[in-house]
Amino acid sequence: MTEVTTQNGWVGLSNGFDVELHHGIPLRLSNNGLDIPADDAQLVDEVTSLTHLTAVIAGWEASKEPGEQEARLCVDALQFEEILRRLALASAALFVDRYHTPIDRDSVDWDNAEYAKDFNHAVECCCLDQGEMDRKEYFSIYVTLMHAETERLIATGESPPVDTE
């Protein structure tokens, strides 16, 4: 598992703004209530440098905190498969954390449930409409990667941090 997929939570950027990451996937930006103008191009460049994913800012809105602004990020749809890959690695780590064994062929319930959740999350991360991506097209790739990662984690004894979601 690459370190980028274990990045979760809010991460500070150089200008005082923060980006929220979920398995290394950028979700939102916050200005932290700073009274400075947002340089959207600079923010996008920093997010790209941090996550290796290209995103666009979907518009700034008032946050629950006084003076704070937040913006939703949309990852480029061309990186949809990379988002699914990161989510598959995270699901593999969660399985190993829970069951201390690799996923086997009989774990179809896990495969189907995790894929459905992660596919929908990837669609949201790219700001796509349901139905824009072919759900069947990515299933085999996702499951193969997730199973292989559980085998690798067990073989190496690696125990990456997991987000219980």
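Let's start at one spot: Gly12 has Asp18 as its bridge partner in strand 2. This is a predicted model, so treat what follows as a tour of a computed structure. From that pair we can walk through the strands, then step into the nonpolar core, and finish at a cavity.

**Strands 1 and 2**
- Strand 1 covers residues 9–12 and runs antiparallel to strand 2, with four bridges joining them.
- The two form a hairpin with five residues between them.
- In that turn sits Gly16, which has a positive phi of about 95°.

**Strand 3 and its partners**
- Strand 2 also pairs with strand 3, again in the antiparallel sense, and here there are five bridges.
- One residue pair to look for is His22, which stands opposite Ile25 in strand 3.
- Strands 2 and 3 make a hairpin too, with two residues between them.
- His23 is in this turn, and its phi is positive at about 55°.
- Strand 3 pairs with strand 5 as well, antiparallel over three bridges.
- On that side, Leu29 has Ala71 of strand 5 as its bridge partner.
- Is strand 3 largely enclosed or not? Five of its six residues are buried, so the rest of the structure largely encloses it.

**The nonpolar core**
- The largest nonpolar core is made up of 37 residues.
- Ile25, Leu29, Phe80, Ile83, Leu84 and Phe119 have the most contacts inside it.
- Among the strands giving two or more residues to this core are strand 2 (18–22), strand 3 (25–30), strand 4 (55–62) and strand 5 (69–75).
- Helices giving two or more include helix 1 (40–51), helix 2 (80–99), helix 3 (108–125) and helix 4 (135–156).
- Helix 2 provides the largest share, with eight residues.

**Around Phe80**
- What does Phe80 touch, once its neighbours within four places in sequence are set aside? It is in contact with Phe119, Ala122, Val123, Cys126, Leu128, Met133 and Tyr138.
- Phe80 and Phe119, which are in contact with each other, both belong to the group with the most contacts inside the core.

**The cavity**
- How many cavities of 30 Å³ or more turn up in a search of the whole structure? There is one.
- The largest cavity holds about 40 Å³ of space.
- Ten residues line it, and the closest to its centre are His23, Ala90, Pro161, Val162 and Asp163.
- His23, then, appears twice on this tour: in the turn between strands 2 and 3, and in the cavity lining.
- By type, the lining has five nonpolar residues, four polar and one charged.

Conventions:
Residues numbered from 1 in each chain as written. Predicted model: local features only at pLDDT ≥ 70, side-chain atom pairs only at ≥ 80, totals over all residues. Heavy atoms only, no water. Core = buried A, V, L, I, M, F, W, Y, C linked by side-chain atoms within 4.5 Å. Buried < 20%, exposed > 50% of the residue type's maximum accessible area, 1.4 Å probe, protein only. Contact = heavy atoms within 4.5 Å. Pairing = 2+ DSSP bridges. 1 Å grid on protein atoms, 1.4 Å probe; cavity = no way out; pocket = protein on both sides within 12 Å on 5 of 7 lines; lining within 4 Å. Points joined across faces, edges and corners; volume = space filled by probe spheres on them. Nonpolar A, V, L, I, M, F, W, Y, C, P; charged D, E, K, R; others polar.
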